[in-house]
Amino acid sequence: GAVNLWESTNGGLSWNLNAYWTWPQSGTNYIHADLHNLDYNGSTLWCGSDGGVFRSTNEGSSFTDVSEGLSISQFYRLGVYAANSSRVSCGAQDCGTNLMTGSDWTHVLGADGMETIIHPTDQNIMWACTQYGGLNKSTNGGSDFSWAASGINEDGAWTTPYILSPD
């Protein structure tokens, strides 16, 4: 359990990495980090994690994410575009930064999502922070983010506050 999923087939004498927490992962199964529960129901293995619910019907050889449609995110912070209240960016615990446009949600940045800000006059410019002050900026509506904390050589708090200067 914990972050990655490990499996032993010999009573714990040795362990093999069965599923890894980053996406996309080639060569190893994906399962979201911070595993809280592993249970069999019949021959189906279920995993509950900070990223949702995963199911395996082949004893953990592969997993299917069955979280679609679950509204289970816990948001640390959110930013709203004042001219359009359906344009919202949210930093989610363990689930990155997510952007709502209309009624559709898109995952735009990984890690732990923290403080987010959308520029007050241009909804395509936004900032998103990961844990410890990892500040990133997008100028294309969240399609891509780049590092925006040049010259800062120390970590901030777990949820680092920042503001956008009016100048």
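## Strands, hairpins and two partly exposed residues

Gly79 has Ser89 as its bridge partner in strand S9. The model is predicted: local features need pLDDT of at least 70, side-chain atom pairs count only at pLDDT 80 or more, and totals for chains, interfaces and linings use all residues. Residues are numbered from 1 along each chain as its sequence is written, and side-chain values use heavy atoms, leaving out hydrogens and water.

**Two hairpins**

A few terms help here. Strands are DSSP runs of type E with at least two residues, numbered from the N terminus. Two strands pair if DSSP finds at least two bridges between them. Strands of a sheet pair through backbone hydrogen bonds, either parallel or antiparallel.

Strand S8 covers residues 75–81, and strand S9 covers residues 84–92. They run antiparallel, joined by 6 bridges. A hairpin through 2 residues links S8 to S9.

S9 also pairs with strand S10, residues 96–101. Again the two run antiparallel, with 6 bridges. Ser89 has Leu99 as its bridge partner in S10. The hairpin between S9 and S10 has 3 residues in between. In that turn, Asp94 has a positive phi of about 65°.

**The open sheet**

Which order do the strands take in the open sheet? The order is S1-S2-S3, and the pairing is mixed. Strands S1 (5–7) and S3 (29–30) are the edge strands, each pairing on one side only. Strand S2, residues 16–20, runs parallel to S3, and 2 bridges join them. Ala19 has Asn29 as its bridge partner in S3.

**Two residues compared**

Buried means under 20% relative accessible area, exposed over 50%, and partly exposed in between (1.4 Å probe, protein chains only).

| Residue | Strand | Relative accessible area | Class |
|---|---|---|---|
| Trp105 | S11 (residues 104–109) | 45% | partly exposed |
| Leu17 | S2 | 34% | partly exposed |

Trp105 has contacts, meaning heavy atoms within 4.5 Å. Not counting residues up to four places away in sequence, Trp105 touches Phe75, Val88, Cys90, Asn98, Leu99 and Met100. Trp105 and Asn153 are 48 residues apart along the chain, and their C-alpha atoms are separated by 33 Å.

Technical notes:
Helix = DSSP H or I, 4+ residues; strand = E, 2+ residues; numbered from the N terminus.
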